[in-house]
Amino acid sequence: MHLKQYLTDLNPQGQPLPDGLQDLLLAISQACVGLSQLVAQGPLIGLLGSAGTGNVQGEVQQKLDVLANDALISRLSACSTLAGIASEEMELPITVGSGRGDYLILFDPLDGSSNIDVNVSIGTIFSILKKLNPSTPLEPNDFMQAGSQQVAAGYVVYGPQTTLVMSLGAGVDLFTLDPLTGDFILIKQGICIPQATKEFAINMSNLRHWAKPVQRYIEECLAGVTGVRQKDFNMRWIASMVADVHRVLMRGGVFMYPWDQREPNKPGKLRLMYEANPMAFLVEQAGGQAINGTQRILDIEPTALHQRVSVMLGAGEEIELLRAYHLP
Ligand code: AFP
């Protein structure tokens, strides 16, 4: 089934999906089809390497970061029910049309972009919120909603296949791009993360910098079958959150990017609004959990568009253990 047909047939709360939301989801998917082609061409069209600019986070922007951001904005700006766009790559949100409309979108246009030049999977992550008062002009504060308010979230991973994974709050479904027709085809419905796992993903080189509860958790995993966990664990780290979380959704596991003491005032590396919230929404919809150590990520009330957060998500049993280790 094509994505368009899927959206038409969907009946999440016993009601058809509003036309505006269908338009928005189709617009994102179409922009991502274009991005998938650009990513695949890479060096053939001079798209590898740095753009020579920095983003609001002070990170070096790759050429494809800038291009992906522009492509998404250009396609999404044509959606009549969209009031505003916020992007990890832009300091301030953009008003769409008159700034009046039902929806707001936030995205990380190209997550894992330091992997572009080495041909490792990267992706686009998006989060859709309702604008609480659709008839008033957009204000930056309109975006300040907890992740639990998301009406839809998803990502497209540009890997060996281009895959769209999304949730409208009633489970998580997966589509694969047919590059010959440019259509996303429904492949899997009701993705489910097993509660137990033997696989974790974390940047182990930071072990000495983590807080004690995270060090304890990882050290116990590393102790294997003779340690307190009484089982051997496997480790994976792609360094593209989108690809690491995709693996967790496909075969289970835990993904973590915790706070570390090198920058004690920074809650974490990953961004709440563009990365943690949409991924937490998907993971919970697939039966997993997502916390910052002590709090459910989707309950965090944002105070700034670009705020960062510590992230631990995936298999329920492991996240419960991490939560217990963080108790005072
Ligand atoms: P880039 O977009 O700069 O490559 O960062 C990717 C990311 O935000 C996230 O996708 C990864 O999980 C994480 O950073 C990797 O960070 P480390 O390089 O510190 O492992």
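Here are three short exercises on helix packing and ligand contacts, each with a worked solution.

This is a predicted model, in which local features need pLDDT of at least 70 and side-chain atom pairs count only at pLDDT 80 or more, while totals for chains, interfaces and linings use all residues. Residues are numbered from 1 along each chain as its sequence is written, and side-chain values use heavy atoms, with hydrogens and water left out.

**Exercise 1**

Work out how helix 2 and helix 3 are oriented to each other, and list the residues that meet.

Solution. Start with the elements: helices are DSSP runs (H or I, at least four residues), numbered from the N terminus. Helix 2 spans residues 19-41 and helix 3 spans residues 63-76; their axes come within 9 Å and cross at roughly 150°. Axes here are lines fitted to C-alpha atoms over the stretch in contact, and angles run from 0 to 180 degrees between N-to-C directions. Helix 2 and helix 3 are therefore roughly antiparallel (angles over 145 degrees).

Next, take the contact (heavy atoms within 4.5 Å). From helix 2 come L24, A27, I28, Q30, A31, L35, L38 and V39, which meet L64, L67, A68, A71, L72, R75 and L76 of helix 3. Sorted by type, the residues of this contact are 13 nonpolar, one polar and one charged. Nonpolar covers Ala, Val, Leu, Ile, Met, Phe, Trp, Tyr, Cys and Pro; charged covers Asp, Glu, Lys and Arg; the others, Gly among them, are polar.

**Exercise 2**

Now do the same for helix 5 and helix 6: are they roughly parallel or roughly antiparallel?

Solution. Look at the geometry: helix 5 (residues 241-251) and helix 6 (residues 272-285) pack at about 10°, with axes 11 Å apart. Helix 5 and helix 6 are therefore roughly parallel (angles under 35 degrees).

Then read off the residues. M241, V242, V245 and L249 in helix 5 touch E275, A276, M279, L282 and V283 in helix 6. This contact has eight nonpolar residues, no polar ones and one charged.

**Exercise 3**

Find the residues that come nearest to the ligand, and give the distances of the polar contacts made by D111, G112 and N203.

Solution. Of the 15 residues around the ligand (a heavy atom within 4 Å), D111, S114, N203, M241 and Y257 come nearest.

Now the polar contacts (pairs of N or O atoms within 3.5 Å):

- D111 places a side-chain N or O atom 2.8 Å from a ligand oxygen.
- N203 has a polar side-chain atom 2.8 Å from an oxygen atom of the ligand.
- G112 uses a backbone N or O atom, 3.1 Å from a ligand oxygen.

Conventions
A polar contact is a pair of N or O atoms within 3.5 Å; within protein, one must be able to donate a hydrogen and the other to accept it, and residues adjacent in sequence count only if both atoms are side-chain atoms. Helices (H or I, at least four residues) and strands (E, at least two) are DSSP runs, numbered from the N terminus. Angles under 35 degrees count as roughly parallel, over 145 as roughly antiparallel, 65 to 115 as roughly perpendicular and the rest as oblique.
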